[in-house]
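Notebook open, coffee poured. I wanted to see how the chains sit together and then poke at a few local details.

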2 protein chains.
Amino acid sequence: MILGHIKQILPKSNQKILIGVSGGPDSLCLLDGLARLQYPVVVAHFNHHLRPEADDEAQRVGEMAASRGVPASFGGKDVKHYAHENSLSIEEAARILRYQFLFAEAQTLNAKVVVVGHNANDQVETILMNILRGSGLAGLTGMSSYTLPNQWSTSIPLVRPLLSIWREDILAYCQKHRLTPIYDHSNAETTYFRNRVRHELIPLLEEYRPGVRQRLWQMACVLDGDQEVLEQQVEKLWEDLPLERTSNYLAFEIEKILSLPKGLQRRLIRRAFHYLRPDFTEVSFQIIEQARQFMASPPQGKEANLAGRVRIIFIGERVYFAAWEANVPLTIWPQMPNKTDCELPVPGEVLLNNGWRLQAKHVDAQGMAYDPILHNASPCQVWLDAEETPTPLTLRIRRPGDRFSPLGMDGQSMKVADFMINEKIPQQARERWPLVISQGEVVWIAGCRLAHAARITSRTKKIISLTLRRD
Amino acid sequence: MILGHIKQILPKSNQKILIGVSGGPDSLCLLDGLARLQYPVVVAHFNHHLRPEADDEAQRVGEMAASRGVPASFGGKDVKHYAHENSLSIEEAARILRYQFLFAEAQTLNAKVVVVGHNANDQVETILMNILRGSGLAGLTGMSSYTLPNQWSTSIPLVRPLLSIWREDILAYCQKHRLTPIYDHSNAETTYFRNRVRHELIPLLEEYRPGVRQRLWQMACVLDGDQEVLEQQVEKLWEDLPLERTSNYLAFEIEKILSLPKGLQRRLIRRAFHYLRPDFTEVSFQIIEQARQFMASPPQGKEANLAGRVRIIFIGERVYFAAWEANVPLTIWPQMPNKTDCELPVPGEVLLNNGWRLQAKHVDAQGMAYDPILHNASPCQVWLDAEETPTPLTLRIRRPGDRFSPLGMDGQSMKVADFMINEKIPQQARERWPLVISQGEVVWIAGCRLAHAARITSRTKKIISLTLRRD
């Protein structure tokens with residue numbers, strides 16, 4: 001039964017298989033099974049240096065391999081030290097170092113698969129631990145029998161051929177084939193969380209509801225199918241939705257995000273975090289809900305700092321998820337290419353950043369339709385009285401103390417800085433915002449508002465037209 | 001905080017609200033809150049007759065209502081008796097009878113909403129109990145704060161305004177407002193499953209991982225979003241996929257079902273069960289997997305009986321989910337319209353059931369391309385030697401003892417009944433299957449096989465062609 005199961009999970013080929021062997025019943029049973037089925041295997045044993053008998057055990061594993069004619073390699077690290085250095089539990093530190101070793105060895109030895117001996121009981125324990133940690137659907141599905149890409153490799157899969165075999169069947173296999181596994185006595189203690197779950201919680205639950213192990217295992221199976229459906233959907237959204245995608249920011253149409261069901265919004269946000277900050281693994285429910293609520297009703301500031309040094313920014317109808325260091329909004333606003341002034345020839349044009357350009361030309365006042373000019377319908381196309389705004393025109397960034405009399409305010413003046421805030425030009429874009437200057441006065445905050453003095457009147461004879469546009 | 005929360009969950013209107021009040025802290029707090037906020041409420045109390053003090057408690061609830069000027073109605077049943085009669089646990093029987101009463105009262109009193117006092121602790125207990133029962137995603141999301149349609153009504157929603165309020169906050173509310181709830185002492189015992197979970201399991205889990213209650217509650221929130229996404233997808237598939245849908249069977253294109261991810265296959269199968277057998281609530285993982293595996297590789301018989309008196313049937317490229325009593329296959333097979341014989345005129349045609357028709361005509365043997373005739377490529381188009389099959393031809397259903405010498409068996413004969421079994425004609429379709437008779441002999445099992453004697457040979461001079469087709 002176990003052999004048949006292994007054959008089903010692990011199709012036979014000539015590819016070398018690296019098997020992680022602690023020497024316990026699971027890994028010994030797996031090693032024995034693979035050797036019996038004549039898979040091309042190599043054994044790898046990691047010494048955690050946690051118990052006095054660890055060196056003896058390494059030697060025992062060497063004998064297990066040798067007696068089957070299988071090559072074996074050995075490694076080890078000071079797990080306690082690593083745990084302390086990285087503020088990890090002993091269990092977590094051991095896991096990280098062990099897998100790092102297994103995959104490094106696989107690479108070195110040219111093995112194409114790494115297999116480990118996790119069984120169905122381990123699976124149920126993992127699921128329960130994840131429930132207690134408050135995991136989402138992914139955690140409730142437990143471990144996978146096949147994982148690629150995984151945390152340690154994008155090319156070598158991690159395979160768990162015994163994941164649906166119960167411990168008692170593994171022990172029966174060991175007994176039948178006269179295998180003498182190593183029993184790790186620290187497993188019997190309840191100092192570690194997993195061991196408490198194994199020796200205390202699961203027996204109690206079995207007493208409440210006999211058969212709870214099998215049911216939890218089945219639950220993981222069913223949820224795994226659900227998780228797959230959701231992941232497929234998010235994968236598709238991830239491909240289709242982003243309007244912009246650079247290494248450090250992503251843009252989405254806000255309405256499209258809001259029209260998604262909550263579950264997909266949450267998964268998409270999680271994915272964005274993972275994309276921007278692959279090392280930030282603590283994307284909690286709270287962080288995701290904060291982002292969701294911010295999107296549902298963006299507050300005044302239109303920008304929020306989330307955890308993990310990720311910002312969320314609204315610009316027009318877009319929402320940006322961005323790393324702190326990303327220059328997000330600048331890509332969509334007109335910006336001066338540098339801080340030095342430049343002449344705006346009439347007729348002529350100046351190239352700004354990001355594909356924006358500012359064009360100036362003379363227009364004959366005679367025969368003009370005054371309506372669009374007076375209504376100033378588009379903020380990106382304005383008409384100036386040429387006598388009130390004599391050439392040369394200059395383009396420059398704002399300076400401290402710059403003032404401006406916006407059209408529509410009867411000649412009252414205000415600070416350019418205040419005007420920009422009122423107009424909700426994002427803070428990052430204000431520094432390099434292009435201003436059109438005539439005789440030292442601001443006559444147009446490009447794409448935004450004309451100066452009162454520059455407006456067309458019934459006395460206007462000559463007109464200059466200015467156009468800001470993006471290619 | 002509790003009042004604010006109630007207002008959020010239960011928008012104010014003039015519609016009458018029926019509130020189920022046991023007199024415990026939850027329902028008393030809810031009653032007090034609703035009355036304080038001047039919602040138009042009526043109290044309903046159900047007497048379970050399980051404890052000696054039950055009658056006193058009913059009276060106390062009457063006083064709670066009266067002191068707030070709220071009308072109250074009372075009901076009760078012998079829960080123990082009902083549990084015994086229906087092989088239910090006391091808890092389950094009490095739940096069913098209580099909700100039946102609440103919704104019947106709501107109907108009578110013209111209330112538009114039923115509200116009950118479940119709190120966040122109840123929610124966590126429910127989730128844990130569902131985990132131990134081996135529930136799928138739906139169970140892991142726990143109770144909903146708003147359910148319509150629900151088990152008891154399609155028009156009156158069941159609302160739980162306190163579902164995100166923790167018990168300690170409810171007790172604090174009771175204390176602050178000097179409410180004196182009834183404490184049900186059976187809650188303190190651990191005889192019932194829920195009470196063991198409440199008083200034993202959750203404290204233990206809190207000891208393992210402090211804050212586990214909050215995390216389970218959040219988990220339910222997140223999973224609820226996931227569940228919504230999946231349900232939307234299944235809803236769409238349920239609308240789009242069925243090729244046929246009658247009250248007692250459903251047909252799908254088998255390839256379309258198989259191309260769905262496992263999670264959606266499972267949900268669609270569950271939905272089909274619910275559609276065909278709404279009262280069959282025990283659609284287990286095993287039943288669903290049995291149906292899935294049957295679909296993935298349909299065995300010889302091409303029909304399987306699942307639990308709940310549901311059949312799964314393959315016909316051509318379709319899979320049918322059908323109630324036992326449904327006449328599924330008959331709709332797609334050629335069938336005699338009734339049990340009496342009829343003549344098949346040559347040339348001429350006979351109309352069968354379900355849009356099928358059988359056509360006969362003379363063909364001149366001279367100048368015929370013999371190839372298709374000899375190869376008999378389509379089972380629905382055959383050529384007969386007219387001299388070997390003299391007219392009149394008759395159409396009739398099979399009779400006990402009918403024998404037949406199928407083409408390709410060198411004139412050996414067999415029972416028509418056996419032949420039909422070999423050909424895998426579904427049992428329900430055999431009774432009315434059309435046979436073509438000449439001189440008392442079966443010359444064609446329509447759409448299936450010609451008789452040896454009727455075949456075309458090099459000596460054939462006159463030919464009759466028979467065609468079976470569906471409009």
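Below are my entries, starting with the interface and ending with backbone oddities.

**Entry 1: what am I looking at?**
Note to self: this is a predicted model. I looked up the domain assignment for chain A, and it gives domain 1 (2–222), domain 2 (241–328) and domain 3 (342–470). I also checked how far apart the C-alpha centres of domain 2 and domain 3 of chain A are, and got 35 Å.

**Entry 2: how the copies are related**
I superposed chain B on chain A. The operation is a rotation of 180° with 0.6 Å of shift along its axis, at an RMSD of 1.1 Å. The two copies are thus related as by a two-fold rotation axis. Which C-alpha of chain B is nearest the axis? I found that of L230(B), 3.8 Å from it. I then compared the contact residues: 100% of those in chain B recur in chain A, so the same surface serves both copies.

**Entry 3: extent of the interface**
I asked for residue contacts next. On chain B, 40 residues are in contact with 40 residues of chain A. The area buried between chain B and chain A comes out at about 3,700 Å², and carbon and sulfur atoms give 66% of that. Which three residues of chain B supply more of its buried area than any other three? The answer I got is L132(B), Y208(B) and R209(B), with 17% of the area that chain B buries against chain A.

**Entry 4: polar contacts and the elements behind them**
With both residues at pLDDT 80 or more, the rule finds twelve residue pairs in polar contact across the interface of chain B and chain A. I listed the elements that give two or more residues to the side of chain B that touches chain A: α6 (120–133), α7 (137–140), α9 (193–208), α10 (212–240), α12 (262–276) and α13 (285–296) of chain B. Of these, α10(B) gives the most, with 15 residues. By residue class, that side of chain B divides into 20 nonpolar, nine polar and eleven charged.

**Entry 5: salt bridges**
I counted salt bridges over all chains and got 52. Between chain B and chain A the count is four. I pulled up a couple of these cross-chain pairs. One is E207(A) with R196(B), the closest N and O atoms being 3.0 Å apart. E207(A) lies in helix α9 (residues 193–208) of chain A and R196(B) in helix α9 of chain B, so this pair joins two chains.

Another is D226(B) with R267(A), whose closest N and O atoms are 2.9 Å apart. I followed R267(A) a bit further and found that its side chain also meets that of E231(A) in a salt bridge, at 3.0 Å from N to O. Where do these two residues of chain A sit? R267(A) is in helix α12 (residues 262–276) and E231(A) in helix α10 (residues 212–240), 36 residues apart, so I logged the pair as linking distant parts of the chain. So R267(A) has a salt-bridge partner in chain B, D226(B), and one in chain A, E231(A).

**Entry 6: E244(A)**
I clicked on E244(A), which lies in strand β7 (residues 244–245) of chain A. Its side chain is joined to that of R318(A) by a polar contact of 2.5 Å. A polar contact of 3.1 Å joins the side chains of E244(A) and Y249(A).

**Entry 7: backbone oddities**
Last, I went through the peptide bonds and phi angles. V346(A) and P347(A) are joined by a cis peptide bond, with omega about -5°. P347(A) lies in the loop between β12 (342–344) and β13 (348–351) of chain A. In chain B I noted a cis peptide bond between L148(B) and P149(B), with omega about -5°. P149(B) is in the loop between β5 (146–147) and β6 (158–159) of chain B.

Is the phi of S87(A) positive or negative? I read a positive value of about 50°, although S87(A) is not a glycine. S87(A) is found in the loop between α4 (79–85) and α5 (90–109) of chain A.

Notes:
Residues numbered from 1 in each chain as written. Chains lettered and ligands numbered in written order. Predicted model: local features only at pLDDT ≥ 70, side-chain atom pairs only at ≥ 80, totals over all residues. Heavy atoms only, no water. Contact = heavy atoms within 4.5 Å. Buried area = accessible area lost by both parts, 1.4 Å probe. Polar contact = N/O pair within 3.5 Å; in protein donor to acceptor, adjacent residues only side chain to side chain. Helix = DSSP H or I, 4+ residues; strand = E, 2+ residues; numbered from the N terminus. Nonpolar A, V, L, I, M, F, W, Y, C, P; charged D, E, K, R; others polar. Domains from an automatic or database assignment. Least-squares fit on C-alpha atoms with pLDDT ≥ 70 in both.
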